[in-house]
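Reader: I'd like a close look at one spot in this protein, and then some sense of how that spot sits in the rest of the fold. Could you walk me through it?

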Amino acid sequence: MIEIIRPGDPAYRDLRDVYTATGAPASILRPSSADEVVQALDQVDGELSVRSGGHGISSIATNAGGTVIDLGRLDAVEPLGGDLVRAGPGARWGDVAATLRPRPCTPPRSR
Ligand SMILES: Cc1cc2nc3c(=O)[nH]c(=O)nc-3n(C[C@H](O)[C@H](O)[C@H](O)COP(=O)(O)OP(=O)(O)OC[C@H]3O[C@@H](n4cnc5c(N)ncnc54)[C@H](O)[C@@H]3O)c2cc1C
C-alpha cells in the first residue's frame, strides 16, 4: 500500500528536505513497488518531484506545495550473478556494499 505522508506526520520532517534544499510539499507518496509508482502518478496534485536518496545537487527532488514521490521503499538489492547486482532507486550504498561484500569489488561512492 502506498504510504502517504503529510505535514504534521512524524515522518514528514525527515522526508521533506533534500541535501541542498528545504522542501514543503503538500504530500509525500511512498510506493513500495513499480505498480504502486504507477498508482502514485495518478494521485499527483500540483508540481511533481521524484526523490530517491535526496542527495542530488539540483534541489529539484522536493518542492513547495506539490507532491513528492519518494522511492526510498524501493530499496531491494538483487544479486544477478558474478559482480553484478540490481539496486532499487531507494537502496543506500550500505545495502549495496553488504550484498557485494563476498565479492572482490566495492562500489564507487561519495556518501
Ligand atoms: C556532497 C555531495 C557529493 C557528491 N558527490 C558525487 C560524486 O562523487 N559523484 C557523483 O556522481 N555524484 C555526486 N554527487 C551527486 C549525487 O550523488 C547525485 O546527484 C545522485 O544522483 C543523487 O542520487 P539520489 O538518489 O540521492 O537522487 P535525488 O537527489 O533523490 O534525485 C536527483 C535527481 O534525480 C531525479 N530522480 C531521483 N530518482 C529518480 C528515478 N528513480 N528515476 C528518475 N529520476 C529520478 C530527481 O527528481 C532529481 O532530479 C554528490 C552530491 C553531494 C551533495
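Reader: Is C105 buried or exposed, and why?

Author: Keep in mind that this is a predicted model. In it, C105 counts as exposed, because it has just 10 other C-beta atoms within 10 Å, and the cut-off for exposed is 12 or fewer. Along the chain, C105 belongs to the segment after helix 3 (93–100). Leaving out residues up to four places away in sequence, C105 touches D83 and L100.

Now for the other end of the picture, the core. The largest nonpolar core has eight residues: I5, L15, I28, L29, A40, V68, I69 and L71. Strand 2 (27–30) and strand 4 (67–70) are the elements that each give two or more residues to this core. As a rule, nonpolar side chains in soluble globular proteins tend to be buried together. Take I28: setting aside neighbours within four places in sequence, I28 is in contact with I5, Y12, L15, R16, V68 and D70.

How does C105 relate to that core? Pick A40, one of the core residues: C105 and A40 are 65 residues apart in sequence, and their C-alpha atoms are 36 Å apart in space.

Zooming out, the protein splits into domain 1 (3–70) and domain 2 (75–104), with 24 Å between their C-alpha centres. From the N terminus, the elements go β-α-β-α-β-β-β-β-α, which comes to three helices and six strands. The C-alpha atoms fill a box of roughly 45 × 30 × 25 Å along the principal axes, and 23% of the 111 residues count as buried.

Methods:
Residues are numbered from 1 along each chain as its sequence is written. This is a predicted model: local features need pLDDT of at least 70, side-chain atom pairs count only at pLDDT 80 or more; totals for chains, interfaces and linings use all residues. Domain bounds come from an automatic or database domain assignment. A nonpolar core is a set of buried Ala, Val, Leu, Ile, Met, Phe, Trp, Tyr and Cys residues joined through C-beta atoms within 7 Å. A residue is buried if 20 or more other C-beta atoms lie within 10 Å of its own, exposed if 12 or fewer, and partly exposed in between; C-beta atoms are placed from the backbone. Helices (H or I, at least four residues) and strands (E, at least two) are DSSP runs, numbered from the N terminus. Two residues are in contact if their C-beta atoms, placed from the backbone, lie within 7 Å.
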